[in-house]
Amino acid sequence: MIVNLDQAVTMLRAHDVVAIPTETVYGLAGSIHSEQALRKIFEVKKRPYFDPLIVHVENSFEARKYVTEWPPIAEALTQHFWPGPLTVVLRKSPEVSDLITAGLERVGIRCPRHPVALEVLKKLKSPLAAPSANLFGRTSPTQSSHVEKEFSGLVPVLEGGSSEVGIESTVVLIDDVELAILRPGSILKADLESILLKNEIPFKWKVNVAKTEAPGHMKHHYMPSKPLFWIEGHIGPDLINRLRLELSQLPVEVEGVQIIKPSSINNYDLLKLPASPREAARVLYAELRRLGESPTDSIVFSPEAFMTESEWNPILERLRKASSIIIKI
Ligand code: TXA
Ligand code: MG
(Lines give C-alpha, C1' and ligand atoms only; values in the text may rest on other atoms or scores of the structure.)
(Ligands and ions follow the chains in the order given, each with its own letter.)
Protein backbone atom coordinates (compact mmCIF):
# COMPACT_ATOMS: atom_id res chain seq x y z
CA MET A 1 0.00 0.00 0.00
CA ILE A 2 1.53 3.32 -1.14
CA VAL A 3 0.97 6.21 1.29
CA ASN A 4 1.79 9.92 1.05
CA LEU A 5 4.02 11.88 3.38
CA ASP A 6 1.25 13.12 5.69
CA GLN A 7 -0.30 9.66 5.95
CA ALA A 8 3.12 8.19 6.74
CA VAL A 9 3.73 10.71 9.51
CA THR A 10 0.25 10.11 10.96
CA MET A 11 0.86 6.34 10.98
CA LEU A 12 4.28 6.72 12.58
CA ARG A 13 2.71 8.93 15.28
CA ALA A 14 0.10 6.20 15.83
CA HIS A 15 2.87 3.68 16.69
CA ASP A 16 2.73 2.00 13.30
CA VAL A 17 5.60 1.08 10.93
CA VAL A 18 6.07 2.58 7.45
CA ALA A 19 8.62 1.71 4.76
CA ILE A 20 10.56 4.83 3.78
CA PRO A 21 12.98 5.46 0.93
CA THR A 22 16.61 6.21 1.74
CA GLU A 23 19.54 6.74 -0.61
CA THR A 24 20.93 3.30 0.32
CA VAL A 25 17.89 0.98 0.49
CA TYR A 26 14.27 1.30 1.68
CA GLY A 27 13.95 1.06 5.47
CA LEU A 28 11.12 -0.33 7.62
CA ALA A 29 10.73 2.62 9.98
CA GLY A 30 9.21 3.07 13.41
CA SER A 31 9.54 5.85 15.97
CA ILE A 32 12.35 5.18 18.44
CA HIS A 33 9.97 6.41 21.14
CA SER A 34 7.35 3.73 20.46
CA GLU A 35 8.05 0.31 21.93
CA GLN A 36 5.03 -0.98 20.02
CA ALA A 37 6.47 0.17 16.68
CA LEU A 38 9.92 -1.20 17.51
CA ARG A 39 8.45 -4.61 18.30
CA LYS A 40 6.42 -4.51 15.10
CA ILE A 41 9.60 -3.94 13.05
CA PHE A 42 11.05 -7.21 14.36
CA GLU A 43 7.75 -9.07 13.90
CA VAL A 44 7.11 -7.88 10.34
CA LYS A 45 10.68 -8.67 9.24
CA LYS A 46 10.80 -11.93 11.25
CA ARG A 47 14.08 -10.54 12.53
CA PRO A 48 15.76 -12.00 15.64
CA TYR A 49 16.07 -9.58 18.57
CA PHE A 50 19.88 -9.98 18.73
CA ASP A 51 20.30 -7.93 15.53
CA PRO A 52 20.38 -4.18 16.43
CA LEU A 53 18.56 -1.43 14.50
CA ILE A 54 20.02 1.77 13.07
CA VAL A 55 18.58 5.06 14.34
CA HIS A 56 17.94 7.65 11.61
CA VAL A 57 18.18 11.31 12.55
CA GLU A 58 17.62 14.63 10.84
CA ASN A 59 21.07 16.05 11.61
CA SER A 60 24.09 15.61 13.87
CA PHE A 61 22.61 17.93 16.51
CA GLU A 62 19.78 15.36 16.94
CA ALA A 63 22.25 12.47 16.90
CA ARG A 64 24.14 13.90 19.87
CA LYS A 65 21.01 13.62 22.05
CA TYR A 66 21.14 9.83 21.82
CA VAL A 67 24.79 9.23 22.65
CA THR A 68 26.95 9.99 25.70
CA GLU A 69 30.08 10.72 23.67
CA TRP A 70 30.94 12.56 20.47
CA PRO A 71 34.67 12.02 19.91
CA PRO A 72 36.61 14.07 17.30
CA ILE A 73 36.49 11.11 14.88
CA ALA A 74 32.67 11.15 14.97
CA GLU A 75 32.61 14.92 14.51
CA ALA A 76 34.95 14.89 11.50
CA LEU A 77 33.28 11.92 9.76
CA THR A 78 29.69 13.09 10.25
CA GLN A 79 30.62 16.66 9.27
CA HIS A 80 31.87 15.34 5.98
CA PHE A 81 29.63 12.36 5.16
CA TRP A 82 26.24 13.40 6.63
CA PRO A 83 23.65 13.44 5.34
CA GLY A 84 24.74 10.23 3.63
CA PRO A 85 25.42 6.48 3.79
CA LEU A 86 27.54 6.40 6.97
CA THR A 87 26.39 4.88 10.28
CA VAL A 88 28.42 5.70 13.39
CA VAL A 89 28.27 3.34 16.37
CA LEU A 90 28.75 5.19 19.68
CA ARG A 91 27.89 4.79 23.38
CA LYS A 92 24.14 5.19 23.73
CA SER A 93 22.29 7.47 26.11
CA PRO A 94 19.80 5.84 28.55
CA GLU A 95 16.75 6.84 26.50
CA VAL A 96 17.74 4.58 23.60
CA SER A 97 15.76 1.38 24.06
CA ASP A 98 17.57 -1.94 24.48
CA LEU A 99 15.30 -3.23 21.72
CA ILE A 100 17.13 -0.93 19.29
CA THR A 101 20.64 -1.89 20.38
CA ALA A 102 19.93 -5.57 21.11
CA GLY A 103 21.06 -4.87 24.67
CA LEU A 104 24.44 -3.45 23.59
CA GLU A 105 26.02 -0.34 25.12
CA ARG A 106 26.39 1.28 21.72
CA VAL A 107 23.87 2.53 19.18
CA GLY A 108 24.23 2.87 15.40
CA ILE A 109 23.10 6.29 14.09
CA ARG A 110 22.92 7.78 10.64
CA CYS A 111 21.50 10.83 8.90
CA PRO A 112 20.12 9.76 5.51
CA ARG A 113 20.33 12.10 2.53
CA HIS A 114 17.16 11.07 0.69
CA PRO A 115 14.91 14.17 0.67
CA VAL A 116 11.77 12.12 1.47
CA ALA A 117 13.42 10.46 4.49
CA LEU A 118 14.62 13.85 5.74
CA GLU A 119 11.14 15.31 5.26
CA VAL A 120 9.56 12.52 7.34
CA LEU A 121 12.12 13.01 10.12
CA LYS A 122 11.49 16.77 10.13
CA LYS A 123 7.70 16.45 10.26
CA LEU A 124 7.66 13.65 12.82
CA LYS A 125 10.18 15.38 15.09
CA SER A 126 11.41 11.99 16.27
CA PRO A 127 14.25 9.78 15.07
CA LEU A 128 13.28 6.56 13.30
CA ALA A 129 14.67 3.10 13.84
CA ALA A 130 14.84 1.46 10.43
CA PRO A 131 16.35 -1.80 9.25
CA SER A 132 16.22 -2.60 5.54
CA ALA A 133 12.60 -3.32 4.56
CA ASN A 134 13.02 -7.00 3.65
CA LEU A 135 12.34 -10.28 5.39
CA PHE A 136 15.23 -11.39 7.61
CA GLY A 137 18.13 -12.77 5.55
CA ARG A 138 16.67 -11.78 2.18
CA THR A 139 17.57 -9.25 -0.53
CA SER A 140 17.24 -5.59 0.50
CA PRO A 141 14.72 -3.40 -1.39
CA THR A 142 15.78 -0.45 -3.54
CA GLN A 143 12.34 0.34 -5.02
CA SER A 144 8.88 0.72 -3.50
CA SER A 145 7.64 -2.24 -5.60
CA HIS A 146 10.25 -4.48 -3.91
CA VAL A 147 8.76 -3.66 -0.50
CA GLU A 148 5.21 -4.15 -1.80
CA LYS A 149 6.09 -7.64 -3.07
CA GLU A 150 8.15 -8.60 -0.03
CA PHE A 151 5.25 -8.00 2.37
CA SER A 152 2.37 -8.72 -0.05
CA GLY A 153 1.22 -5.10 0.07
CA LEU A 154 0.60 -5.24 3.82
CA VAL A 155 3.24 -2.68 4.79
CA PRO A 156 2.56 1.01 4.01
CA VAL A 157 5.26 2.37 1.69
CA LEU A 158 6.29 5.94 1.01
CA GLU A 159 7.37 6.36 -2.63
CA GLY A 160 10.88 7.71 -3.22
CA GLY A 161 12.02 6.25 -6.54
CA SER A 162 15.03 3.96 -6.92
CA SER A 163 17.65 4.22 -4.17
CA GLU A 164 20.65 5.97 -5.71
CA VAL A 165 23.41 4.19 -3.74
CA GLY A 166 21.77 0.76 -3.75
CA ILE A 167 23.69 -0.94 -0.93
CA GLU A 168 23.43 -0.35 2.82
CA SER A 169 25.46 2.27 4.70
CA THR A 170 29.05 1.78 5.84
CA VAL A 171 28.86 1.00 9.60
CA VAL A 172 31.77 2.37 11.64
CA LEU A 173 32.39 1.63 15.30
CA ILE A 174 34.13 4.55 17.03
CA ASP A 175 35.89 3.89 20.32
CA ASP A 176 37.71 7.04 21.45
CA VAL A 177 40.69 7.30 19.06
CA GLU A 178 40.07 3.90 17.48
CA LEU A 179 37.67 2.93 14.74
CA ALA A 180 36.59 -0.19 12.86
CA ILE A 181 34.40 -0.87 9.86
CA LEU A 182 31.67 -3.28 11.00
CA ARG A 183 29.93 -3.38 7.61
CA PRO A 184 31.50 -2.20 4.34
CA GLY A 185 29.52 0.21 2.17
CA SER A 186 29.98 2.78 -0.56
CA ILE A 187 32.09 4.95 1.78
CA LEU A 188 35.39 3.08 1.80
CA LYS A 189 38.17 2.76 4.38
CA ALA A 190 40.35 5.07 2.24
CA ASP A 191 37.56 7.71 2.19
CA LEU A 192 37.34 7.66 6.01
CA GLU A 193 41.14 7.82 6.35
CA SER A 194 41.44 10.73 3.98
CA ILE A 195 38.92 12.84 5.94
CA LEU A 196 40.58 12.05 9.29
CA LEU A 197 44.03 12.88 7.91
CA LYS A 198 42.81 16.09 6.30
CA ASN A 199 41.29 17.21 9.62
CA GLU A 200 44.41 16.09 11.53
CA ILE A 201 42.35 13.81 13.80
CA PRO A 202 44.49 11.17 15.54
CA PHE A 203 43.13 7.68 14.84
CA LYS A 204 44.00 3.99 14.84
CA TRP A 205 42.24 1.11 13.12
CA LYS A 206 40.92 -1.19 15.84
CA VAL A 207 42.29 -4.65 15.21
CA ASN A 208 40.28 -6.86 17.50
CA VAL A 209 36.58 -6.18 17.39
CA ALA A 210 34.73 -8.48 19.78
CA LYS A 211 31.96 -10.55 18.19
CA THR A 212 29.51 -9.00 20.64
CA GLU A 213 30.43 -5.50 19.39
CA ALA A 214 29.67 -6.45 15.79
CA PRO A 215 26.40 -8.39 15.79
CA GLY A 216 24.22 -8.97 12.75
CA HIS A 217 26.92 -10.79 10.82
CA MET A 218 25.17 -13.93 9.72
CA LYS A 219 26.94 -16.18 7.27
CA HIS A 220 24.02 -15.72 4.87
CA HIS A 221 22.16 -12.52 4.13
CA TYR A 222 20.64 -10.67 1.17
CA MET A 223 19.53 -14.04 -0.28
CA PRO A 224 17.34 -14.05 -3.41
CA SER A 225 14.27 -16.26 -3.81
CA LYS A 226 16.21 -19.06 -5.53
CA PRO A 227 19.75 -20.42 -5.01
CA LEU A 228 22.60 -18.14 -6.06
CA PHE A 229 25.88 -19.92 -6.77
CA TRP A 230 29.22 -18.09 -6.63
CA ILE A 231 31.50 -19.81 -9.12
CA GLU A 232 35.25 -19.38 -9.24
CA GLY A 233 36.85 -20.85 -12.34
CA HIS A 234 35.76 -21.91 -15.79
CA ILE A 235 32.04 -22.46 -16.31
CA GLY A 236 31.67 -25.59 -18.48
CA PRO A 237 28.77 -27.83 -19.59
CA ASP A 238 29.00 -30.04 -16.47
CA LEU A 239 28.20 -27.10 -14.20
CA ILE A 240 24.53 -28.11 -13.72
CA ASN A 241 25.54 -31.51 -12.27
CA ARG A 242 27.93 -29.84 -9.88
CA LEU A 243 25.23 -27.32 -8.80
CA ARG A 244 22.77 -30.17 -8.12
CA LEU A 245 25.28 -32.07 -6.04
CA GLU A 246 26.45 -29.07 -4.03
CA LEU A 247 22.90 -27.89 -3.31
CA SER A 248 21.78 -31.34 -2.19
CA GLN A 249 24.54 -31.32 0.44
CA LEU A 250 23.51 -28.00 1.99
CA PRO A 251 21.39 -27.74 5.13
CA VAL A 252 17.92 -26.16 4.80
CA GLU A 253 18.77 -23.44 7.29
CA VAL A 254 21.95 -21.66 8.44
CA GLU A 255 21.84 -19.43 11.55
CA GLY A 256 18.09 -18.99 11.16
CA VAL A 257 18.33 -18.01 7.47
CA GLN A 258 16.52 -20.40 5.14
CA ILE A 259 18.48 -21.78 2.17
CA ILE A 260 16.05 -22.26 -0.71
CA LYS A 261 16.42 -25.74 -2.21
CA PRO A 262 14.33 -26.47 -5.32
CA SER A 263 13.70 -30.17 -5.99
CA SER A 264 15.95 -30.06 -9.04
CA ILE A 265 18.30 -27.71 -10.83
CA ASN A 266 18.06 -27.75 -14.62
CA ASN A 267 19.14 -24.27 -15.60
CA TYR A 268 20.38 -20.93 -14.35
CA ASP A 269 20.59 -17.24 -15.17
CA LEU A 270 23.98 -15.57 -15.17
CA LEU A 271 24.14 -12.46 -12.99
CA LYS A 272 25.94 -9.75 -14.97
CA LEU A 273 26.87 -6.44 -13.38
CA PRO A 274 27.89 -3.13 -14.98
CA ALA A 275 31.66 -2.48 -15.05
CA SER A 276 31.33 0.64 -12.89
CA PRO A 277 31.13 -0.36 -9.20
CA ARG A 278 28.92 2.63 -8.43
CA GLU A 279 26.44 1.54 -11.11
CA ALA A 280 26.77 -2.12 -10.04
CA ALA A 281 25.88 -1.22 -6.43
CA ARG A 282 22.88 0.75 -7.65
CA VAL A 283 21.39 -2.15 -9.64
CA LEU A 284 22.62 -5.13 -7.57
CA TYR A 285 19.51 -5.85 -5.48
CA ALA A 286 17.06 -5.09 -8.30
CA GLU A 287 18.97 -7.58 -10.48
CA LEU A 288 18.88 -10.27 -7.78
CA ARG A 289 15.14 -9.75 -7.47
CA ARG A 290 14.59 -9.73 -11.25
CA LEU A 291 16.53 -12.96 -11.76
CA GLY A 292 14.75 -14.42 -8.73
CA GLU A 293 11.49 -14.00 -10.65
CA SER A 294 12.72 -15.40 -13.99
CA PRO A 295 11.65 -18.96 -14.96
CA THR A 296 15.07 -20.54 -14.25
CA ASP A 297 15.88 -22.62 -11.15
CA SER A 298 18.99 -20.78 -10.01
CA ILE A 299 21.37 -17.85 -10.48
CA VAL A 300 25.11 -18.06 -11.13
CA PHE A 301 27.60 -15.30 -10.39
CA SER A 302 31.25 -15.46 -11.35
CA PRO A 303 33.52 -12.60 -10.20
CA GLU A 304 35.37 -10.93 -13.06
CA ALA A 305 38.98 -9.74 -13.23
CA PHE A 306 38.03 -6.07 -13.05
CA MET A 307 36.24 -6.60 -9.72
CA THR A 308 39.46 -6.44 -7.72
CA GLU A 309 39.45 -2.66 -7.00
CA SER A 310 38.43 -1.73 -3.45
CA GLU A 311 35.16 -0.19 -4.68
CA TRP A 312 33.98 -3.74 -5.42
CA ASN A 313 34.51 -4.98 -1.83
CA PRO A 314 31.11 -4.01 -0.43
CA ILE A 315 29.35 -5.44 -3.50
CA LEU A 316 31.25 -8.72 -3.44
CA GLU A 317 30.75 -9.03 0.32
CA ARG A 318 26.99 -8.94 -0.26
CA LEU A 319 27.15 -11.41 -3.13
CA ARG A 320 29.21 -13.83 -1.04
CA LYS A 321 26.57 -13.75 1.69
CA ALA A 322 23.72 -13.94 -0.81
CA SER A 323 25.24 -17.09 -2.31
CA SER A 324 24.06 -20.47 -1.09
CA ILE A 325 27.58 -21.73 -1.65
CA ILE A 326 30.93 -20.72 -3.14
CA ILE A 327 32.17 -23.31 -5.65
CA LYS A 328 35.76 -23.43 -6.86
CA ILE A 329 36.11 -25.29 -10.14
O1 TXA B 1 21.77 1.91 4.78
C2 TXA B 1 21.36 1.41 5.84
O3 TXA B 1 22.07 1.35 6.85
C4 TXA B 1 19.92 0.87 5.85
C5 TXA B 1 18.96 2.05 5.65
C6 TXA B 1 17.52 1.66 5.82
O7 TXA B 1 19.32 3.09 6.53
N8 TXA B 1 19.66 0.17 7.07
C9 TXA B 1 20.17 -1.06 7.34
O10 TXA B 1 19.73 -1.62 8.52
O11 TXA B 1 20.91 -1.64 6.59
P12 TXA B 1 19.86 -3.17 8.86
O13 TXA B 1 19.05 -3.34 10.07
O14 TXA B 1 19.47 -3.97 7.69
O15 TXA B 1 21.36 -3.37 9.24
C16 TXA B 1 21.80 -2.92 10.51
C17 TXA B 1 23.15 -3.49 10.82
C18 TXA B 1 23.11 -4.57 11.89
O19 TXA B 1 22.85 -5.85 11.35
C20 TXA B 1 24.50 -4.47 12.47
O21 TXA B 1 25.40 -5.18 11.62
C22 TXA B 1 24.79 -2.97 12.38
O23 TXA B 1 23.95 -2.45 11.38
N24 TXA B 1 24.49 -2.28 13.65
C25 TXA B 1 23.39 -1.56 13.98
N26 TXA B 1 23.44 -1.13 15.24
C27 TXA B 1 24.60 -1.59 15.76
C28 TXA B 1 25.23 -1.51 17.04
N29 TXA B 1 24.67 -0.88 18.06
N30 TXA B 1 26.42 -2.12 17.21
C31 TXA B 1 27.00 -2.77 16.17
N32 TXA B 1 26.46 -2.92 14.95
C33 TXA B 1 25.28 -2.33 14.74
MG1 MG C 1 19.31 -5.53 6.29
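Which residues touch the most other members of the largest nonpolar core? They are Leu77, Trp82, Leu86, Ile100 and Ile109, out of 46 residues in that core. Before going further, keep in mind that this is a predicted model.

## The core

Let's stay with that core for a moment. The elements that each give two or more residues to it include the helices H2 (35–45), H4 (72–81), H5 (98–101) and H8 (189–198). Strands join in as well: E5 (86–91), E6 (106–110) and E9 (170–175) are on the list of elements giving two or more residues. H4 provides the largest share, with 5 residues. As a bit of background, nonpolar side chains in soluble globular proteins tend to be buried together.

One of the well-connected core residues, Trp82, has another feature worth a look. Trp82 is joined to Pro83 by a cis peptide bond, with omega at about -10°. Pro83 itself belongs to the loop between H4 and E5.

## The ligand

Now for ligand 1. There are 27 residues around it, and the ones that come nearest are Thr24, Asp51, His56, Arg106 and Ser169. Three side chains with a polar atom close to a ligand oxygen are set out here.

| Side chain | Partner | Distance |
|---|---|---|
| Arg47, polar atom | oxygen atom of ligand 1 | 2.9 Å |
| Asp51, N or O atom | oxygen atom of ligand 1 | 2.7 Å |
| Arg183, polar atom | oxygen atom of ligand 1 | 2.9 Å |

Asp51 turns up twice, then: it is among the residues that come nearest to ligand 1, and its side chain has an N or O atom 2.7 Å from a ligand oxygen. How much of the ligand does the protein cover? On its own, ligand 1 has 680 Å² of accessible area, and the protein covers 98% of that.

## Rings and a charge

Next, the aromatic side chains. Searching the whole structure turns up 6 aromatic pairs. One of them is made by Tyr222 and Tyr285: the ring centres are 5.9 Å apart and the planes meet at 25°, so this pair counts as stacked. Planes under 30 degrees apart are what it takes to be called stacked.

Where do the two partners sit? Tyr222 is in the loop between strand E11 (204–205) and strand E12 (228–232), while Tyr285 is part of helix H10 (residues 277–293). The pair therefore ties together parts that are 63 residues apart in sequence. Tyr222 is buried, at 3% relative accessible area, and Tyr285 is buried too, at 0%.

There is also a charge sitting over a ring. The charged end of Lys189 lies over the ring of Trp205, 4.9 Å from the ring centre.

## Backbone oddities

Most residues other than glycine have a negative phi, and most peptide bonds are trans. A couple of residues here have a positive phi without being glycine. His15 is one of them, with a phi of about 65°. You'll find His15 in the loop between helix H1 (5–13) and strand E2 (18–20), where it is partly exposed at 35% relative accessibility.

Ala102 also has a positive phi, of about 55°. Ala102 lies in the loop between H5 and E6, and its relative accessible area of 25% makes it partly exposed. The cis bond between Trp82 and Pro83 belongs in this section as well.

## Close in space or far apart?

Finally, a few pairs of residues to click on. Arg113 sits in the loop between E6 and helix H6 (115–124) and is partly exposed, with 34% relative accessible area. Arg113 and Gly84 are 29 residues apart in sequence, yet their C-alpha atoms are 4.9 Å apart in space.

Asp191 is in helix H8 and is partly exposed at 31% relative accessibility. Between the C-alpha atoms of Asp191 and Glu58 there are 23 Å, with 133 residues separating the two along the chain.

Is Thr308 buried or exposed? Thr308 is exposed, with a relative accessible area of 67%. Its place is the loop between strand E16 (298–301) and helix H11 (313–322). The side chain of Thr308 reaches the backbone oxygen of Ala305 at 3.3 Å. Val157 is another matter: Thr308 and Val157 are 151 residues apart along the chain, and their C-alpha atoms are separated by 37 Å.

Technical notes: Residues numbered from 1 in each chain as written. Chains lettered and ligands numbered in written order. Predicted model: local features only at pLDDT ≥ 70, side-chain atom pairs only at ≥ 80, totals over all residues. Heavy atoms only, no water. Phe/Tyr/Trp six-rings, centres within 6.5 Å; stacked < 30°, edge-to-face > 60°. Helix = DSSP H or I, 4+ residues; strand = E, 2+ residues; numbered from the N terminus. Buried < 20%, exposed > 50% of the residue type's maximum accessible area, 1.4 Å probe, protein only. Lys NZ or Arg CZ within 6 Å of the ring centre and 35° of its normal. Near = heavy atom within 4 Å. Polar contact = N/O pair within 3.5 Å; in protein donor to acceptor, adjacent residues only side chain to side chain. Areas by Shrake-Rupley, 256 points an atom, 1.4 Å probe, with all protein chains shown as cover. Core = buried A, V, L, I, M, F, W, Y, C linked by side-chain atoms within 4.5 Å.
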